[in-house]
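User: I would like to learn how the labels on a protein model are earned. Can we go through them one at a time?

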Amino acid sequence: MILSEKIITLRKQLGWSQEELAEKMGVSRQSVSKWESTNSIPDLNKIIKLAELFNVSTDFLLKDEIETAEHLEERDNDLTQISLEQAIDYVNTKKAQAILTAKGVAFFVCSAVPLFFLLALANNNSIALNKNTAVVFGIISIFILIAAGVRLVIQTNQYERAIAPIEKGKFELMYGVHSAFSEKIDAFTPKYNGKVSLAVTLFITSSIPLLLVIMLIGRTDLTLLMLAALLFIVTLGLWVIIPASSEYEAYKHVLNEGDKNRELTQSERNALKLAPFYWPLIVAIFLAWSLWTMNWGVTWIIWPVAAVLFAALVGLIGLMSKDTD
């Protein structure tokens, strides 16, 4: 039995049409038709993938003298069949979860903004505001915003059950889902690239107003206001990139049918684990240093340093977990 006959036989045994086999192989129906009519021969990579799909050895496919297929193992009957509606619901749920995450991170990053704003007003001679009063109300606002951020991050757990069949279980896509999602990710990719570019631009340029004020004007009140503006710009960038990245990775996860080897998703999980502990610690260090020295015009430097350190820690956690695996 030659290769083309074996492909036809195995495909029919599984009840697949040429279109279904083509979709699973990532090729056109015409390519499958050519394989089965001996007009072309699949390359070695396609042979290996065919063997995996049919659950047979490559020797059986390649050697004409082997007439009987010995299946390597029983097929996994526990695979969940995912419809187009279920896949779309998964993406929408991941987007909703990402928006909650973005809100929580926004509260963390902006927790010191009211303090800087109040201190700026206290340093402005035209407004009668006591510096001690500004510090007290600013510290209170920090704790309130941090608590709100932690609450939002914890609320992301409400989506775990809804996404579990696709996020954690084994699944395969029903007919037509792969092609439909391929079109969706192709349409979304330019938008995703635009949002990533916008977020990176915001991150890079966020410190420009602060640096200009420090170098050209040097007023403490304006410096504090520009620091608040820096945190707002960084938050805006996070607000743009977190939902977009989550949606893009959800499309990829569906198309890869459960592939877990995705660094960005692992980084997101590491960030979610680290953020509720890291940012309150940074706030505590900032307040202790500031109250000890009472030099609020200098201690603000801890925030950009903390942001860079946070990214480094997320990457380090990912590297350590990979080594453990």
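Analyst: Contact means heavy atoms within 4.5 Å. By that rule, and leaving aside neighbours within four places in sequence, Lys 94 is in contact with Ile 163, Glu 167, Ser 246 and Ala 250. Keep in mind that this is a predicted model.

User: Where is Lys 94, and why is Lys 94 called buried?

Analyst: Lys 94 sits in helix 6, which covers residues 84-109. Its relative accessible area is 10%. Buried means under 20%. The value falls under the cut-off, so Lys 94 counts as buried. There is also a distance to note: the C-alpha atoms of Lys 94 and Ala 162 are separated by 9.5 Å, with their places 68 residues apart along the chain.

User: How do you know that Lys 6 is buried or exposed?

Analyst: Look at the relative accessible area of Lys 6: 0%. The limit for buried is under 20%, so Lys 6 is buried. Lys 6 belongs to helix 1, residues 3-13. Apart from neighbours within four places in sequence, Lys 6 touches Met 1, Phe 60, Leu 61, Lys 63, Asp 64 and Ile 66.

User: What makes Arg 11 and Glu 36 a salt bridge?

Analyst: Here is the general idea first. Side chains of opposite charge can pair when their charged atoms come close. The rule asks for a side-chain nitrogen of Lys or Arg within 4 Å of a carboxyl oxygen of Asp or Glu. In Arg 11 and Glu 36, the closest N and O atoms are 2.6 Å apart. That is within 4 Å, so the pair is a salt bridge. Arg 11 lies in helix 1 and Glu 36 in helix 3 (residues 29-36), so the pair ties together parts that are 25 residues apart in sequence.

User: Are Arg 11 and Glu 36 buried or exposed?

Analyst: Arg 11 has 8% relative accessibility, and with a cut-off of under 20% this makes Arg 11 buried. Glu 36 has 10%, so Glu 36 is buried by that cut-off.

User: How many salt bridges are there by this rule?

Analyst: The count comes to 3 salt bridges. One of them joins Glu 19 and Arg 29, at 3.9 Å from N to O. This pair links distant parts of the chain: Glu 19 is in helix 2 (residues 18-25) and Arg 29 in helix 3, 10 residues apart. Another joins Glu 249 and Lys 252, with the closest N and O atoms 3.7 Å apart. Glu 249 and Lys 252 both lie in helix 12 (residues 220-255), 3 residues apart, about one turn of the helix.

User: Why is Glu 249 called buried, and why is Lys 252 called partly exposed?

Analyst: Glu 249 has 6% relative accessibility, which is under 20%, so Glu 249 is buried. Lys 252 has 27%. Partly exposed runs between the 20% and 50% limits, so Lys 252 is partly exposed.

User: What is said about phi in Thr 38 and Asn 55?

Analyst: Thr 38 has a positive phi of about 65°, although Thr 38 is not a glycine. Asn 55 also has a positive phi of about 65° and is not a glycine. Thr 38 is in the loop between helix 3 and helix 4 (44-54). Asn 55 is in the loop between helix 4 and helix 5.

User: Which of the words buried and exposed fits Thr 38, and which fits Asn 55?

Analyst: Thr 38 has a relative accessible area of 51%, and exposed means over 50%, so Thr 38 is exposed. Asn 55 has 10%, which is under 20%, so Asn 55 is buried.

User: What makes Ile 208 part of a nonpolar patch?

Analyst: The patch holds Ile 208, Leu 211, Leu 212, Ile 214, Met 215, Leu 216 and Ile 217, with about 700 Å² of accessible area together. Members need over 30% relative accessible area. Ile 208 has 42%, so Ile 208 passes that part of the test. Ile 208 lies in helix 11, residues 208-217.

User: Which residues gather in the patch of negative charge?

Analyst: Glu 5, Asp 59, Asp 64, Glu 65 and Glu 67 gather there, on the surface. Glu 67 has a relative accessible area of 45%, over the 30% that a patch needs, so Glu 67 passes that test. Glu 67 lies in the loop between helix 5 (58-62) and strand 1 (80-82).

Key: Residues are numbered from 1 along each chain as its sequence is written. This is a predicted model: local features need pLDDT of at least 70, side-chain atom pairs count only at pLDDT 80 or more; totals for chains, interfaces and linings use all residues. Side-chain values use heavy atoms; hydrogens and water are left out. Patches are made of residues with over 30% relative accessible area and no salt bridge: like charges are joined within 9 Å, nonpolar side chains (Val, Leu, Ile, Met, Phe, Trp, Tyr) within 5 Å. Accessible areas come from the Shrake-Rupley method with a 1.4 Å probe; for residues, only the protein chains shown count as cover. Lys and Arg count as positive and Asp and Glu as negative; His and the chain ends are not counted. The place of a charge is taken as NZ of Lys, CZ of Arg, CG of Asp or CD of Glu. Helices (H or I, at least four residues) and strands (E, at least two) are DSSP runs, numbered from the N terminus. Buried means under 20% relative accessible area, exposed over 50%, partly exposed in between (1.4 Å probe, protein chains only).
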